[in-house]
Amino acid sequence: MIGRLNHVAIAVPDLEAAAAQYRDTLGAVVRAPQAEPAHGVTVVFIDLPNTKIELLHPLGAESPIQGFLDKNPAGGIHHICYEVDDIIAARDQLRAAGARVLGTGEPRIGAHGKPVLFLHPKDFNGCLVELEQA
Ligand code: CO
C-alpha cells in the first residue's frame, strides 16, 4: 500500500540554526521558511535527491510541536511520511487492521497542498506516521 518515502520531519528548537547546518555543513538545498498557521508550525523544506526533510518549529500557542520539544528539548524525528495512491482506501484498510487514525479521520490538506492523515505512533512502533496522497 505505501509507496515512496515523501519526507522525514524533524522538530528543531532553533529553526535558523538547523537550516544553516543543513545548508552550510551538510551542503543541502534548503528552502526559505514557510509559515503554516493552520498546522501550528513553521517549516523549512530541504530537498534531497531521493526524498525531503522538513524542519519543524512551533508557530503559535497551540502548536503540537511545542509539546514534542518540551519532551525532547534537543529536537528529534517527529514523523515520517509515506505516499499512498488513495488516502481513503488506505485509511479504511488500516482501520480495518486495527490502526488508529488521529483527529477526525478525515484527510486534511498538508504542507504540500495534498491530503494527509496521521496514524497513532503507538500502533507503529513508536513512530508517528503521516500518509500523503501523492
Ligand atoms: Co509531514
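I started at His-7, in this predicted model. His-7 is buried, with a relative accessible area of 1%. The cut-off for buried is under 20%, so His-7 qualifies.

Next I looked up what His-7 touches at the metal. The NE2 atom of His-7 coordinates the cobalt ion. The other donors are His-79, again through NE2, and Glu-130, through OE. The distances run from 2.0 to 2.1 Å.

I then wrote down the sequence spacing of the cobalt donors: H-x71-H-x50-E. His-7 and Glu-130 link distant parts of the chain, 123 residues apart. His-7 sits in strand S1, residues 5-11. Glu-130 sits in strand S9, residues 129-133.

Is Glu-130 buried or exposed? I found it buried, with a relative accessible area of 5%.

From Glu-130 I followed the strand pairing. Which residue in S9 is the bridge partner of Phe-118? It is Glu-130, the residue that also gives an OE donor to the cobalt ion. S8 and S9 run antiparallel, joined by four bridges.

I moved on to the other pairing of S8. Strand S8 covers residues 115-119, and strand S7 covers residues 108-109. These two strands pair in the antiparallel sense, over two bridges. Arg-108 has Val-116 in S8 as its bridge partner.

Last, I checked the connection between S7 and S8. The two strands form a hairpin, with five residues between them. Gly-113 lies in the turn and has a positive phi of about 75°.

My path for the record: S7 pairs with S8, S8 is joined to S9, and S9 holds the cobalt donor Glu-130.

How values were computed. Residues are numbered from 1 along each chain as its sequence is written. This is a predicted model: local features need pLDDT of at least 70, side-chain atom pairs count only at pLDDT 80 or more; totals for chains, interfaces and linings use all residues. Side-chain values use heavy atoms; hydrogens and water are left out. Donors are N, O and S atoms within 2.8 Å of the metal (3.2 Å for Na, K and Ca); water is not among the atoms, so sites may look incomplete. Buried means under 20% relative accessible area, exposed over 50%, partly exposed in between (1.4 Å probe, protein chains only). Two strands pair if DSSP finds at least two bridges between them.
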